[in-house]
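Visitor: Please give me a close look at the empty space inside this model and at the parts that surround it. I am new to the structure, so kindly explain the terms as they arise.

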Amino acid sequence: MLYLECYSGISGDMAVAALLDLGASREKLEQGLASLKVDGYEIKIGRRIKCGIDACSFDVILSGKEDGQSHDYAEHSHGEHGHEGEHIHGEHACGHSHEGEHSHDGHGHGAHDHVHRNLEEIAGIINGSGMTERAKKTALRIFQIVAEAEGKVHGKPVEEVHFHEVGAVDSIVDIAAAAICLDDLDITEAVVSEISEGSGHVHCQHGILPVPVPAVTAIAERYGLFLRPTDTRGEMVTPTGAAVAAGIRTREELPSSYRIVKTGMGAGKKDFAKANILRAYLIEEKKQPEAMWMLETNIDDVTGEALGYVMEKLFRAGARDVCYVPVFMKKNRPAYLMKVVCDEKDREPLEELIFLHTTTIGIRRYRLERTVLSRKLLTVETPYGQAMVKQVSRGEMTFYYPEYEDAARYADASGISFQEAYEEIRRAAGCM
């Protein structure tokens, strides 16, 4: 299980760096990115010190050209460029990168050409790559989350959103890299902490926007991410970072008890008063005792035949155990206490059966914990055929319990008592 501790926010590149520091293969990452067949960039993986903490860094460095077209990213400019609203500026649109939102000095701020990609074109790049199917699915989900958020912010359907930046090289690389690393680490479950965010305003293509930026708030609203405001001035959560968190989260809370298997640190470029790192953990949940439910109800006006029928129905429906205990109820009425042990998943269906086939109008229920001995079935050869025996162990102790039907058949065939047949089968099992 993956746990992302986002106390310094989260961005796409910080997520990739943390996953690399957890042990994701650099070789597989480079192979997967090369298979995208997207030019105009190089990646740089290194180390940075943040408040004395050594952390991994991941940067996408653009060459300024893709398919022969110039990319003087307006996303890094604070000027006005007169783009129509349907051309959405995403992760880097505000020039206030979270350190992974790469600031590229030397790019001009004058007239320039953009590659405008929509979600369908991005999907074509991802699906045409050599990434695994699971990594492709993860990358496309993250892009879908960003597209939905940008569409909401700009009042456009997702299919009409044309990305200036989210479709540009660096964001394709960030999102694809995160998906490749998650796949390589075999992450199937993930928990995301509350995400710390800064305050104030940032300069964007369309003007001065509040922090968190609208795309981040749209993602947090749609996917239930918890944001925690801090006194840090500036942006700490980027749209790609929020989309990664939303796209991989499978649980809202950490296990009550767990073991840390490994820790990874992903560094941002900015220096805050607090360490600007994304901390990622691989954790193992402590195995808890098996939890069951006990269902109980008192019944004083149902026949014995009906109670027998209900017991059969409950066992067939998944009850672990069913029993009736003779009791006296109010007004000295003799009755039965029905007790049913079941798994969580079977509780409601079994309650429905009890209400349907008995006259009770209420069922008590409470959780149980139980200790279960390890067990396995053995086949024992006897003079009168095979017999099944349950072998049960606890520590160095081992017990053998023959199945009733086989012991009874042995007794009938041999002419000895049931108890003698039972003991002979048990001794035979112990000698195996």
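Guide: On a 1 Å grid over the protein atoms alone, a cavity is a set of points where a 1.4 Å probe fits but cannot get out; a pocket is an open set with protein on both sides within 12 Å along at least five of seven lines, and lining residues have an atom within 4 Å of a point. Grid points are joined across faces, edges and corners, and a volume is the space filled by probe spheres set on the points. The model is predicted: local features need pLDDT of at least 70, side-chain atom pairs count only at pLDDT 80 or more, and totals for chains, interfaces and linings use all residues. Residues are numbered from 1 along each chain as its sequence is written, and side-chain values use heavy atoms, with hydrogens and water left out.

The structure holds 1 cavity of 30 Å³ or more. The largest cavity encloses about 40 Å³ of space, and its lining consists of L2, L4, A15, L19, A178, L182, V244 and I248. Two or more of these residues come from each of β1 (2-5), α1 (12-22), α5 and α7, where helices (H or I, at least four residues) and strands (E, at least two) are DSSP runs numbered from the N terminus. By class, the lining of this cavity has 8 nonpolar, no polar and no charged residues; Ala, Val, Leu, Ile, Met, Phe, Trp, Tyr, Cys and Pro count as nonpolar, Asp, Glu, Lys and Arg as charged, and the others, Gly among them, as polar.

The largest pocket has a volume of about 270 Å³. It is lined by 15 residues, of which R134, T138, I187, G247 and I248 are the closest to its centre. I248 also appears in the lining of the largest cavity. The lining of the pocket takes at least two residues from each of α4 (133-154), α5 (169-184) and α7 (239-248), and α4 gives the most, with 5 residues. This lining is mixed in class, with 6 nonpolar, 4 polar and 5 charged residues.

Helix α4 merits a further look. Its 22 residues should span 32 Å at 1.5 Å a residue, and its end C-alpha atoms are 31 Å apart, which agrees; the expected span is 1.5 Å times one less than the number of residues. Among the buried residues of α4 are A135, A139, I142, F143 and V146, and also the charged K136 and E150. Buried means under 20% relative accessible area, exposed over 50%, and partly exposed in between (1.4 Å probe, protein chains only). Just after α4, G155 takes a positive phi of about 70 degrees.

To set this part in context, one may turn to the aromatic rings. A search of the whole structure finds 6 aromatic pairs; rings of Phe, Tyr and Trp (its six-membered ring) pair if their centres lie within 6.5 Å, and planes under 30 degrees apart count as stacked, over 60 as edge-to-face and the rest as tilted. F399 and Y401 form a stacked pair, at 6.4 Å centre to centre and 20 degrees between the planes. F399 is partly exposed, at 32% relative accessible area, and Y401 is partly exposed at 39%. F418 and Y422 form a tilted pair, at 6.1 Å and 40 degrees. These two residues are 4 residues apart in helix α11 (residues 418-430), and so are separated by about one helical turn. F418 is partly exposed at 33%, whereas Y422 is buried at 18%. Ring pairs link Y404, F418 and Y422 into a cluster.
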